[in-house]
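Let's take a short walk through one protein model. Have a look at the sequence and the 3D view first, then read on.

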Amino acid sequence: MHDVAVVGCGPTGLMLAAELRLAGADVVVLERRSTQDLVGSRGGGFHARTIELLDQRGIADRFLAEGTTVPAVTFGGTRLPLGGLPTRHPYTLALPQGRIERLLLARAEELAAPVRRDAEVEDVAQQDEGARVLLGSGEAVRARYVVGADGGRSTVRRAAGIHLVGPDATRSTLIADVRVDGDLERTGRVDERGTHGLFRMDDGTVRVVLTEAAPSTAEPTLEDLRRGLADVFGTDFGVRDPSWLSRFTDATRQAASYRVGRVLLAGDAAHVHSPTGGQGIGLGVQDAVNLGWKLGQVVRGVAGEELLDSYHAERHPAGARALGYTMAQSLFQRSDPRQEALRDLLDAVLAVDGAGTPVAGLVTGLDVTYDLGEGHPLRGRRMPDLDLSAPDGGAGARRVFELLHRAWPVLLELGGPALDAGPWSGRVRHVRATSDGPWVLPVLGAVEAPTAVLVRPDGHVAWVGQDSADGLAEALTAWAGRPADHARPGARGA
């Protein structure tokens, strides 16, 4: 019996498998595709917070080396520069999904996470001590927990009886890579239906994006594409030889629960939405990083199952905010006098200095805050990647994110009374260093510098110390597992 079976070998499943291996879990990835190849060129990329998560694991440079950075996002008709955000990565990374998956596959392989291919999952049945995953071959794979990272039509989600909740589609869009007759200049149009365009690709094929007259979820055909093009442009451009033909809608739905017993959901299996705004891959990676270390602690017996409840409690609201953004952004992808009036008004508001900062924080994911209780503004927010001086007596990391490469909790002392991790010392990286800051949070701005912080493996601050160890034991119990003995951490000599 495996500790965890991850169903789906896309970005979410691969990132989760790597995180589980870092946490010491025995994991297997089940993938129906025979190779990692994707059908169609597809879009891809992600925003600043996802790049930070990769940076926390020491692998961001691999992705940055293969993609293109864009120092702004667009909301409505307004371009929002990202250079003022307090991050080392104030940009969006444009990178095709195929390359993202290849890089994440290499990461999973480095950490010895096995991928079983041609493994079509047909059903998942929960049992007292685990779950039974039935494959199309008739084989059953057993695991203590199963995570569905198998996309919007998730078999795992359906088997678990988890419903998707949210508004139905108002329109559908055809997207295809095809050949066309004759020369083709860049052709684009926005009308009352939505956005349409034909764009020559580097390999000589043409990418077609076409909003349809009426929403449909049926399997698309080349004839559908031809009729739609003729309706919008007066010609079908002689489209032929599709290497990829797909249809997506603006339906926006979210799983009612990210966990039922021993089954959990992540990525598109937990939330489906329009690709507008480029949230999809990043949301899945963020789900994976939030879940991986928690599930790892549970299967190792360090923490109880109640830790898994925090996955839904934290990621469901974060996902809901991102889905709200995709719905708002999609309003501006059609030509309608009322929507144009709203866009013009919004553009005027966002043109005011600082007015676009909350939107930029939302789009990039840098403002994600988990409800970990009241207290210092850092609590529940991502830890700033501060420059550090003399960590670990001068032999350690030069900045905070380097302390998170192994995905351990970090107790970081930056002054004040010396602290002791007590019975958690074997599970927590304890670092003493100095930093000149500044302590600046997205949207909120500058905050008071603490003397110590406990940073979770996902980079979010779990505890803040101000010349005191008050609350540290409780935070370590919550996020680093049960104490190894009855000793209690706190100020040395206390």
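Before we start on the sheet, here is what pairing means: two strands pair if DSSP finds at least two bridges between them. Keep in mind that this is a predicted model.

So how are the strands of the sheet ordered? There are 4 strands in an open sheet, running β24-β22-β27-β28, and the pairing is mixed. β24 and β28 sit at the edges with a single partner strand each, so one side of each has no neighbour in the sheet. From one strand to the next, the twist averages 15 degrees. Inside the sheet, β22 and β27 pair in the antiparallel sense over 4 bridges, and L411 stands opposite L454 in β27. Helix α11 lies across β22, β27 and β28, at about 170 degrees to β28.

Here are some of the elements just mentioned:

| Element | Residues |
|---|---|
| β22 | 410–413 |
| β24 | 429–432 |
| β27 | 452–455 |
| β28 | 461–465 |
| α11 | 472–480 |

Now for another helix, α10 (residues 357–364), whose buried residues are V359, A360, G361, V363 and T364. The cover over those buried residues includes α2, β5, β6, α8 and α9. Just after α10 comes G365, with a positive phi of about 80 degrees.

α10 also turns up in the second largest pocket: β6, α10 and β25 each supply at least two residues of its lining. This pocket has a volume of about 280 Å³. Of its 22 lining residues, P81, G84, G354, G356 and T357 are the closest to the centre. β6 gives the largest share of the lining, 4 residues. By type, the lining divides into 15 nonpolar, 6 polar and 1 charged.

Notes:
Residues are numbered from 1 along each chain as its sequence is written. This is a predicted model: local features need pLDDT of at least 70, side-chain atom pairs count only at pLDDT 80 or more; totals for chains, interfaces and linings use all residues. Side-chain values use heavy atoms; hydrogens and water are left out. Axes are lines fitted to C-alpha atoms, for helices over the stretch in contact, and angles run from 0 to 180 degrees between N-to-C directions. Contact means heavy atoms within 4.5 Å. Buried means under 20% relative accessible area, exposed over 50%, partly exposed in between (1.4 Å probe, protein chains only). On a 1 Å grid over the protein atoms alone, a cavity is a set of points where a 1.4 Å probe fits but cannot get out, and a pocket is an open set with protein on both sides within 12 Å along at least five of seven lines; lining residues have an atom within 4 Å of a point. Grid points are joined across faces, edges and corners, and a volume is the space filled by probe spheres set on the points. Ala, Val, Leu, Ile, Met, Phe, Trp, Tyr, Cys and Pro count as nonpolar, Asp, Glu, Lys and Arg as charged, and the others, Gly among them, as polar.
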